[in-house]
Amino acid sequence: MNCVDLTACIVEISTLRYSPSGLPVVDLKLEHESTLEDSGAPRKVNLMLRSMAMGNMAESLIQLPIDTSWKFTGFLASAKNSKSIVFHIQSFQSVS
């Protein structure tokens, strides 16, 4: 199953654009930092992740301020015409 839960900070949000079929689309850059246990040892994790959302989710995300942290849920897919990965956001909620 391809399901990702990620707590991350919004570093960049593009302007709202529209797909050829007329759906709203927004591109984001998310940054995650944490320390996790890996094979019994602490491991510091830092990553920057290209992300996107479509439809109502794009319209909701475009209103969020930059430099705020949220818990995002979605899936990973290859970017069009590229070998890189894009996180497709399907939902988000505030971090408690």
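Analyst: Let's start with a handy yardstick: a residue is buried under 20% relative accessible area, exposed over 50%, and partly exposed in between (1.4 Å probe, protein chains only). The model is predicted, so local features need pLDDT of at least 70 and side-chain atom pairs count only at pLDDT 80 or more, while totals for chains, interfaces and linings use all residues. Residues are numbered from 1 along each chain as its sequence is written, and side-chain values use heavy atoms, with hydrogens and water left out.

User: What is the relative accessible area of D38?

Analyst: D38 is partly exposed, because that label covers values between under 20% and over 50%. The relative accessible area of D38 is 39%.

User: Which side chain meets D38 in a salt bridge?

Analyst: Side chains of opposite charge can pair when their charged atoms come close. A salt bridge here needs a side-chain nitrogen of Lys or Arg within 4 Å of a carboxyl oxygen of Asp or Glu. The distance in this pair is 3.4 Å, N to O. The partner of D38, itself partly exposed at 49%, is R43.

User: How many salt bridges are there by this rule?

Analyst: One of them joins D38 and R43. In another, the side chains of R17 and D27 meet at 3.2 Å, N to O. The count comes to two.

User: How many residues apart are R17 and D27?

Analyst: Strands (E, at least two residues) and helices (H or I, at least four) are DSSP runs, numbered from the N terminus. R17 lies in strand β2 (residues 17-18) and D27 in strand β3, so the pair links distant parts of the chain. R17 has 38% relative accessibility and D27 has 30%, and both count as partly exposed. Along the chain they are 10 residues apart.

User: What separates the C-alpha atoms of R17 and A58?

Analyst: These two are 41 residues apart along the chain. The separation of their C-alpha atoms is 9.4 Å.

User: Is S19 buried or exposed?

Analyst: S19 sits in the loop between β2 and β3. Counting contact as heavy atoms within 4.5 Å, and not residues up to four places away in sequence, S19 touches V25 and M54. With 13% relative accessibility, S19 counts as buried.

User: Which strand gives the most to the largest nonpolar core?

Analyst: A nonpolar core is a set of buried Ala, Val, Leu, Ile, Met, Phe, Trp, Tyr and Cys residues joined through side-chain atoms within 4.5 Å. The largest one holds 17 residues, and I10, L28, L30, L61, F72 and I89 touch the most other members. At least two core residues come from each of β1 (4-13), β3 (24-38), β4 (41-54), α1 (56-61), β5 (69-78) and β6 (85-94). With four residues, the top contributor is β1.

User: How many bridges pair β5 and β6?

Analyst: Two strands pair if DSSP finds at least two bridges between them. In this pairing, K71 stands opposite Q93 in β6. The strands run in the antiparallel sense, and the number of bridges is nine.

User: Which residue takes a positive phi in the hairpin of β5 and β6?

Analyst: This hairpin has six residues between its strands. The positive phi, near 55 degrees, belongs to N81.

User: What is the bridge partner of D5 in β5?

Analyst: β1 and β5 pair in the antiparallel sense, over six bridges. The partner of D5 in β5 is T73.
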